[in-house]
Amino acid sequence: MIHRLNSGRRILIYPAVHPSEVIAPRTLLLSLIALTHNICDYKSKYIASNQRNALEAIRQIGVVRVFLEEIRDWLPSSLLDSTVLSFSELHLSFQKLQYLLEDCTRDDARVWMLMNSERVADQFRVLIRSMATALDILPFDSIHVAVEVKEQMELVMRQARRVRFDVDPEDKRVVEAVKKVLIGFEKRVDPDRSELKLVLDHVGIRKWSRCEKEVRFLESEIGFENLREEKREVSLLSSLIGLLCYCRCVMFDTVDGFPAPRPEANSRSEVVNCLNWEDFRCPISLEIMTEPVTIATGQSYDRGSIMKWFRGGKAVCPKTGEKLKSREVVPNLALKRLIQQYCSENGIPFGDSGHRSRDIGRTIAAGSLAAEEVMKMLSKYLSASIAAGTMEERSKAAYEIRILSKTSIFNRSCLVEAGLVPHLLKMLASADSERQENAVAGLLNLSKHSKGKAAIVENGGVDLVVDVLKEGLKVEACQHAAGTLFYLASVEEYRILIGENPRAIPALRELIKNGSDRGKKNALVAIYGLLTHPANHRRVIAAGVVPLLFEILTSVDSEALVTDSLAILATLAEKPEGAVAISRCRALDSIMGILNSLTSRAAKEFCVSLLLSLSTNGGHNVVALLVKSPSLMGCLYSQLSEGTSRASKRASALIKLLHEFHETRSSGPVNRVLPQERFVHVR
């Protein structure tokens with residue numbers, strides 16, 4: 001069975017670590033044997049490119065494994081230093097070789113490994129040569145194993161230096177075919193299907209789902225590449241994504257089972273949810289890392305902190321105290337990405353957030369000329385398929401539009417300009433639940449584009465989307481419809497139009513009440529967007545949304561839903577009728593209790609804003625209740641120093657209001673709970 005050394009690493013990166021100097025020789029040997037078994041297990045795996053080189057490396061490691069197993073049965077209690085050194089260097093080389101074979105056998109990176117054939121072949125050559133070098137210092141005369149085993153080892157050592165590990169000629173031919181197709185795309189030339197089939201067959205991509213896995217992998221690589229200064233690979237990665245998207249749309253007639261939906265760009269990662277944010281702090285500076293790097297012990301530090309540590313002449317790991325053989329640092333891009341995601345989701349400024357982003361998913365340009373032209377070709381192809389194709393072709397086209405429109409602003413622009421919005425709107429009335437869901441999900445993505453919004457509204461899309469929101473065949477379709485309304489509501493004219501639809505806000509209320517967490521989220525943000533138009537305040541209150549929001553505050557664990565609910569309540573409370581509706585729920589104690597328990601800065605800000613608006617618009621009765629709370633003032637003062645700028649101002653205003661009330665009622669029965677010396681004046 002193959003054990004992955006580090007499943008979170010980036011492909012073609014080999015973060016191997018030297019064994020500790022204090023490791024017992026027998027433990028080191030057993031670990032070496034385990035590594036050789038893992039390497040040999042790759043022989044049964046599918047290897048799409050560099051197959052001959054991989055199998056030759058595995059064969060040689062197999063001979064070494066027999067030798068090491070013979071040593072295991074003889075191993076004395078102490079070994080010569082040269083033997084231990086040889087074992088240590090072998091261990092390092094075998095770690096890297098396992099990483100390389102793991103990459104060669106990945107089922108989602110076959111095209112990328114093919115395009116890196118020369119680099120991979122060079123790596124095989126380097127690692128096998130390093131194995132031979134490590135074996136050179138092994139004192140064979142002092143090791144008691146069978147003569148035949150020694151002879152096999154001597155033969156392998158000679159072969160390790162002699163074998164060329166060249167790129168397979170067939171790999172070269174297919175790489176050239178890929179380059180030819182990409183050049184054709186740049187010139188707006190449709191590729192020959194036989195050439196596409198040659199490429200797909202060579203890497204074993206014979207199903208739609210396999211092609212989609214390759215696309216997802218390449219997109220994740222672009223995400224990693226965008227964290228680097230140079231971004232050298234973005235153009236090639238973008239071109240290959242274009243090629244595979246073209247193949248996925250054109251070369252496969254059916255989708256072999258709808259895969260799990262791609263995560264929404266703004267959805268909270270389960271991985272981030274499970275992590276302790278303290279792990280993102282540098283053990284040296286105790287600040288959140290902006291350039292995490294990993295040292296030889298496997299510990300991660302911020303680059304600036306660890307380099308300063310090294311410049312101070314310290315050659316030990318700050319966290320473990322282990323002596324370092326090397327001061328080499330390796331960028332930990334996976335950790336950096338997690339930190340960026342965490343900071344983004346929690347409103348924390350990231351260290352390099354001021355640098356100009358060149359993430360192609362967030363720009364209006366494609367990542368390469370080939371990718372740009374492919375998207376234009378595909379938009380026309382899908383437009384023809386969804387307009388005049390068979391029912392199956394229309395369904396597949398809707399799903400492809402859904403996927404492509406999620407990827408980038410550029411894709412959305414091409415799809416809208418190809419006239420796809422009216423066709424998707426027609427599909428909303430479909431009796432097929434999958435077709436309806438894919439159509440409304442595609443519209444959700446296209447509604448993020450300004451021209452997409454206009455196309456939806458101009459083609460009567462508001463009423464059609466509301467129909468799906470109210471009577472969608474699947475819960476997912478309803479939540480996509482709510483998300484579409486949220487994006488449409490970003491335009492003043494459209495949020496008026498949505499508000500005037502008598503079914504829109506009541507349908508959003510029903511989704512808040514009965515929908516999934518994602519559905520609730522979409523409905524909440526849609527209502528929040530609609531409230532930017534004053535007339536919609538009355539409609540939201542009349543629909544009975546306010547009591548539902550308090551149910552969320554008191555019974556839902558999701559802080560994201562609590563934050564969105566507080567945002568709506570704070571907005572409603574800014575008007576007297578909203579404050580009255582909120583006061584009728586008699587939930588002031590609940591609001592103050594929530595303020596004490598919140599961890600989100602945004603949620604605390606909305607909570608303070610809500611209390612301030614209720615105090616302003618709700619009269620002395622509200623203020624009198626707030627004054628009696630012994631914990632409220634502590635929470636408000638903490639916002640002065642820990643909250644956002646806006647939260648600080650609102651907390652200061654509320655503190656002033658409470659002090660003024662206390663001063664005017666100082667002779668009354670109100671308990672004295674306000675610390676006068678901490679009074680804050682607002683100017």
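# Reading the labels: salt bridges, burial and a pocket

Trainee: Why is Arg-9 called buried?

Mentor: Arg-9 has a relative accessible area of 10%. Buried means under 20%. So Arg-9 is buried. Keep in mind that this is a predicted model.

Trainee: What makes the contact between Glu-102 and Arg-9 a salt bridge?

Mentor: Their side chains meet at 3.3 Å, N to O. The cut-off is within 4 Å, so the pair qualifies. Glu-102 belongs to helix H3, and Arg-9 to the segment before helix H1 (25-41). With their positions 93 residues apart, the pair links distant parts of the chain.

Trainee: Is Glu-102 buried or exposed?

Mentor: Buried. Its relative accessibility is 5%. That value falls under 20%, so the label holds for Glu-102.

Trainee: Why can such side chains pair at all?

Mentor: Side chains of opposite charge can do so when their charged atoms come close.

Trainee: How many salt bridges does the whole structure hold?

Mentor: A search finds 32.

Trainee: How do you know that Arg-164 and Asp-166 form one?

Mentor: The closest N and O atoms lie 2.7 Å apart. That is within 4 Å, so Arg-164 and Asp-166 count as a salt bridge.

Trainee: Why is Arg-164 called exposed, and why is Asp-166 called partly exposed?

Mentor: Arg-164 stands at 58% relative accessibility. Exposed means over 50%, so Arg-164 fits. Asp-166 has a relative accessible area of 32%. That figure sits between the two cut-offs of 20% and 50%, so Asp-166 is partly exposed.

Trainee: What sets Phe-165 apart in its backbone?

Mentor: Phe-165 has a positive phi of about 55 degrees, although it is not a glycine. Its place is the loop between helix H6 (147-162) and H7.

Trainee: Why does Phe-165 count as buried?

Mentor: Its relative accessibility is 2%. The limit is under 20%, so Phe-165 is buried.

Trainee: Which phi does Leu-12 have?

Mentor: A positive one, about 65 degrees, and Leu-12 is not a glycine. Leu-12 lies in the segment before H1. Its relative accessible area is 4%, which is under 20%, so Leu-12 is buried.

Trainee: What makes Lys-180 and Glu-195 a salt bridge?

Mentor: The N to O separation is 2.9 Å. The rule asks for within 4 Å, so the pair passes. Lys-180 sits in helix H7 (residues 169-186) and Glu-195 in helix H8 (residues 193-202), 15 residues apart.

Trainee: Why do Lys-180 and Glu-195 carry their accessibility labels?

Mentor: Lys-180 is at 53%. That is over 50%, so Lys-180 is exposed. Glu-195 is at 19%. That is under 20%, so Glu-195 is buried.

Trainee: Which residues join into one network?

Mentor: Glu-212, Arg-216, Arg-248, Lys-396 and Glu-400, through salt bridges that share partners.

Trainee: How much space lies in the second largest pocket?

Mentor: About 960 Å³. Its lining has 36 residues, and those closest to the centre are Pro-15, Ala-16, Thr-294, Ile-295 and Val-330. Helix H3 (81-104), strand E3 (330-331) and helix H13 (333-345) each give two or more residues to this lining. H13 gives the most, with three.

Trainee: How does the lining of that pocket divide?

Mentor: Into 17 nonpolar, 10 polar and nine charged residues. Take Pro-15, one of those closest to the centre. Pro counts as nonpolar, and Thr as polar. Therefore Pro-15 goes with the nonpolar residues and Thr-294 with the polar ones.

How values were computed:
Residues are numbered from 1 along each chain as its sequence is written. This is a predicted model: local features need pLDDT of at least 70, side-chain atom pairs count only at pLDDT 80 or more; totals for chains, interfaces and linings use all residues. Side-chain values use heavy atoms; hydrogens and water are left out. On a 1 Å grid over the protein atoms alone, a cavity is a set of points where a 1.4 Å probe fits but cannot get out, and a pocket is an open set with protein on both sides within 12 Å along at least five of seven lines; lining residues have an atom within 4 Å of a point. Grid points are joined across faces, edges and corners, and a volume is the space filled by probe spheres set on the points. Helices (H or I, at least four residues) and strands (E, at least two) are DSSP runs, numbered from the N terminus. Buried means under 20% relative accessible area, exposed over 50%, partly exposed in between (1.4 Å probe, protein chains only).
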